Amino acid sequence: MQKQISNLDKLTLSNDFLFKHVMLRKRICKHILEELLHTQIADITYLEAEQTIDVYPDSHGIRLDVRIADTANTHYNLEMQVKNPVNRATGKFLLPKRTRYYQAMLDTDMLQKGQDYDELSPTYIIFFCLFDFFQDSQRIYTFKKRCLENMNIELADEAVIMFLNTLGTKGDVSPDIQSLFDYINSNTINSNFTREVADTIVEIKNDKKVRDAYMTYEMRMKDLRDEAHAEGKAEGLAEGKAEEKTATAKRLLSMGLSVEDIAKATSLSVEQVEAIKAE
């Protein structure tokens, strides 16, 4: 228990648990959106923070750090992305497809709540990234759909994806957004806004409900890690046994035994042994 509390005390804004709780402070979150989008927002409403949307029982779920709607019914999803995830099997980066999936799930969720497709709300999916995914040093990368044959033609589907590169050096952002980037990167307080964020973090960490929630969160994450480790270990054992059977089948084939006898000896199917023989 003491270790979990100590871990909470060490968290910085780049941690998704703490990021979520800071973004739940309406004044801070609203100010960030206004500074990013260069607009005035009358008010924002939280739509189930850390909501998991499962559209179909067998579909992948997505955990949304913070989901918000403003008085103009524009929806925002804010995410903290510390690492640049890669598919180990293919070597491909996951972030682009993840944004596509997030957008699809957000839209489907709105449709399930009774909206027609032509009533879908404008959406902004905003990633705070502690790395430069596109390697162009831009502070902000904003994506909308455009016609390749004429880039002046925009597909007005009102869906926007923004990657905020906290390490960026190109492009203009407001002083408060830059100070926020500096704070995320190095915990440096160099503005009244980041002082407010830092004070809010202290307040959050001293909140008993938050401390209790973090302990629950840590236990849940540990359970997930243990489960993943157990599954990985089981898969490794299964792969080892399969490799052992294959090696045994090859030895028996070299000794001239029949495919049928080898299948019985190794518990492999006749088709599997024939495939090994064909190699």
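**Entry 1: terms and the second pocket**

Before sorting any lining residues I wrote down the classes: Ala, Val, Leu, Ile, Met, Phe, Trp, Tyr, Cys and Pro count as nonpolar, Asp, Glu, Lys and Arg count as charged, and the others, Gly among them, count as polar. I also noted at the top of the page that I am working with a predicted model.

With those classes in hand I turned to the second largest pocket, whose lining has nine nonpolar, two polar and three charged residues. I looked up its volume, which comes to about 330 Å³, and then its lining, which is made by 14 residues, with P96, T99, F143, K145 and I161 lying nearest the centre. Which element gives the most to this lining? I found that α4 does, with five residues. Helix α4 covers residues 95-112 and strand β8 covers 159-165, and each of these two supplies at least two residues of the lining.

**Entry 2: the chain as a whole**

I then stepped back to the whole chain, which has nine helices and eight strands. Of its 279 residues, 38% are buried. I also looked at how the contacts are spread along the sequence: among contacts with a separation of 6 or more, 56% are between residues 24 or more positions apart.

**Entry 3: salt bridges**

I reminded myself that side chains of opposite charge can pair when their charged atoms come close. A search of the whole structure for such pairs gave 12 salt bridges, and I looked up several of them one by one.

The pair I took up at the start was E203 with R25, where the closest N and O atoms are 3.1 Å apart. This pair links distant parts of the chain, since E203 sits in helix α6 (residues 192-205) while R25 sits in the loop between α2 (16-23) and α3 (26-37), and the two are 178 residues apart. E203 is partly exposed at a relative accessible area of 48%, and R25 is also partly exposed, at 27%.

Next I checked D43 and K26, which form a salt bridge with their closest N and O atoms 3.3 Å apart. D43 is in the loop between α3 and β1 (44-46), whereas K26 is in helix α3, and 17 residues separate them. Are these two buried or partly exposed? I found D43 to be partly exposed, with a relative accessible area of 31%, and K26 likewise counts as partly exposed, at 37%.

Then I came back to K145, one of the residues nearest the centre of the second largest pocket, and saw that its side chain meets that of D157 in a salt bridge, at 2.8 Å from N to O. K145 and D157 both lie in the loop between β7 (140-143) and β8, so their pairing ties together parts that are 12 residues apart in sequence. K145 is partly exposed at 43% relative accessible area, and D157 is partly exposed at 33%. I also noted that salt bridges sharing partners join R67, D109 and K113 into one network.

**Entry 4: the cavity and N165**

I searched for cavities of 30 Å³ or more and found one, with a volume of about 30 Å³. Its lining consists of C129, F131, D132, F133, F134, Y141, F163, L164 and N165, which by class gives seven nonpolar, one polar and one charged residues. Strand β8 gives the most to this lining, with three residues.

From the lining I picked N165 for a closer look, and I found its place in strand β8. Why does N165 count as buried? Its relative accessibility is 2%, and buried means under 20%, so N165 falls within that class. A polar atom of the N165 side chain lies 3.0 Å from the backbone oxygen of Q138. Leaving aside residues up to four places away in sequence, N165 touches C129, F131, D132, S137, Q138, R139, Y141 and F181.

**Entry 5: L11**

My last look was at L11, whose place is in the loop between α1 (2-10) and α2. L11 is buried, with a relative accessible area of 13%. How far apart in space are L11 and K205? From C-alpha to C-alpha I read 9.0 Å, although the two are 194 residues apart in sequence. Not counting residues up to four places away in sequence, L11 touches F17, L18, K205 and Y214.

Methods
Residues are numbered from 1 along each chain as its sequence is written. This is a predicted model: local features need pLDDT of at least 70, side-chain atom pairs count only at pLDDT 80 or more; totals for chains, interfaces and linings use all residues. Side-chain values use heavy atoms; hydrogens and water are left out. On a 1 Å grid over the protein atoms alone, a cavity is a set of points where a 1.4 Å probe fits but cannot get out, and a pocket is an open set with protein on both sides within 12 Å along at least five of seven lines; lining residues have an atom within 4 Å of a point. Grid points are joined across faces, edges and corners, and a volume is the space filled by probe spheres set on the points. Helices (H or I, at least four residues) and strands (E, at least two) are DSSP runs, numbered from the N terminus. A salt bridge is a side-chain nitrogen of Lys or Arg within 4 Å of a carboxyl oxygen of Asp or Glu. Buried means under 20% relative accessible area, exposed over 50%, partly exposed in between (1.4 Å probe, protein chains only). A polar contact is a pair of N or O atoms within 3.5 Å; within protein, one must be able to donate a hydrogen and the other to accept it, and residues adjacent in sequence count only if both atoms are side-chain atoms. Contact means heavy atoms within 4.5 Å.
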